[in-house]
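Got the viewer open? Let's take a short tour, one selection at a time.

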Amino acid sequence: MPKLDGRTILVTGAARGQGEQEARLFAAEGAQVLLADILDDRGEALAKELTEHHGPDRVRYQHLDVGDEDDWVAAVEAALSAFGKLDGLVNNAGILRFNELVSTPLEEFLLVVRVNQVGCFLGMRAAAPAIEAAGGGTVVNTASYTAQTGMAQLTSYAATKGAILSMTRVAAMELAAKGIRVNAICPGAVDTPMSDPAGGQPLGEREAASLAAAVDRLYARTVPLGRIGRPEEVARLALFLSCEDSSYITGQPIVVDGGWLAGVSLG
């Protein structure tokens, strides 16, 4: 039997990257999935593709700015209207900004806080009553390995991911009696558009090849497994934490980083 058969799960940031792979995997494992994002064209196209593949009434798309309270109310209502219930939430949406601490404008810091930290808070607050009404379920928050260690140039990002871990622990304690398990995944470097070192800028063939080679050398030196992570590898962890395989796990940060946090390599 599929691991998520009959369950309804809302995935944020679902139009691309980790969220897209989570949505694809969850639908393949039997879930009804509400895809939520601000990238409407991509999100609607993915919902159409998954519906054609898995059948009608299995996937919907909903515009969601995770930093907006009204959008969250609308997203939960959309899940209930389309599927009749909500059993799970994957707070995946996030943004990344590289900058030195002393060079980070307040506006930039608050933008990262709004999406990563406030978005996670609003998501749990909006979804928890519906998940409780469904008889319990799961919340998976996307933190980062930077929540457990430092990394230069990531003051705002690491701060928000650390906050997500703290909120995850508190939510796990408060929601346990309601039948809701809350955990956090802590990815290392993962090959998604957000971690693109070119910042999404178009590059020439030679420049792109040079940058890719430099990135490969970096991960070969710093990651024991010798490579960057793949979004589907993170999605499989989100699946584990969203199904009964993890029924006795709550309040935990679980790292998926190829061994990066294990220590310093001398190779």
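Helices (H or I, at least four residues) and strands (E, at least two) are DSSP runs, numbered from the N terminus. You're looking at a predicted model, where local features need pLDDT of at least 70, side-chain atom pairs count only at pLDDT 80 or more, and totals for chains, interfaces and linings use all residues. Residues are numbered from 1 along each chain as its sequence is written, and side-chain values use heavy atoms, with hydrogens and water left out.

**Stop 1: strand 6.** Select residues 180-187. Eight of the eight are buried (under 20% relative accessible area, 1.4 Å probe, protein chains only), so strand 6 is largely enclosed by the rest of the structure. In a regular strand the side chains alternate between the two faces of the sheet. Here both faces are covered: Ile 180, Val 182, Ala 184 and Cys 186 are buried on one side, and Arg 181, Asn 183, Ile 185 and Pro 187 on the other.

**Stop 2: the neighbours.** Add strand 5, residues 137-142, which runs parallel to strand 6 and is joined to it by six bridges. Find Asn 141: across from it stands Ala 184 in strand 6. Now add strand 7, residues 253-256; it pairs with strand 6 in the parallel sense over four bridges (pairing takes at least two DSSP bridges). Opposite Cys 186 you'll find Val 255 of strand 7.

**Stop 3: helices 4 and 5.** Which helix gives the most to the lining of the largest cavity? Helix 4, with four residues. Select helix 4 (106-133) and helix 5 (155-175): each supplies at least two lining residues. A lining residue has an atom within 4 Å of a cavity point, and a cavity is a set of points on a 1 Å grid over the protein atoms alone where a 1.4 Å probe fits but cannot get out.

Methods
Buried < 20%, exposed > 50% of the residue type's maximum accessible area, 1.4 Å probe, protein only.
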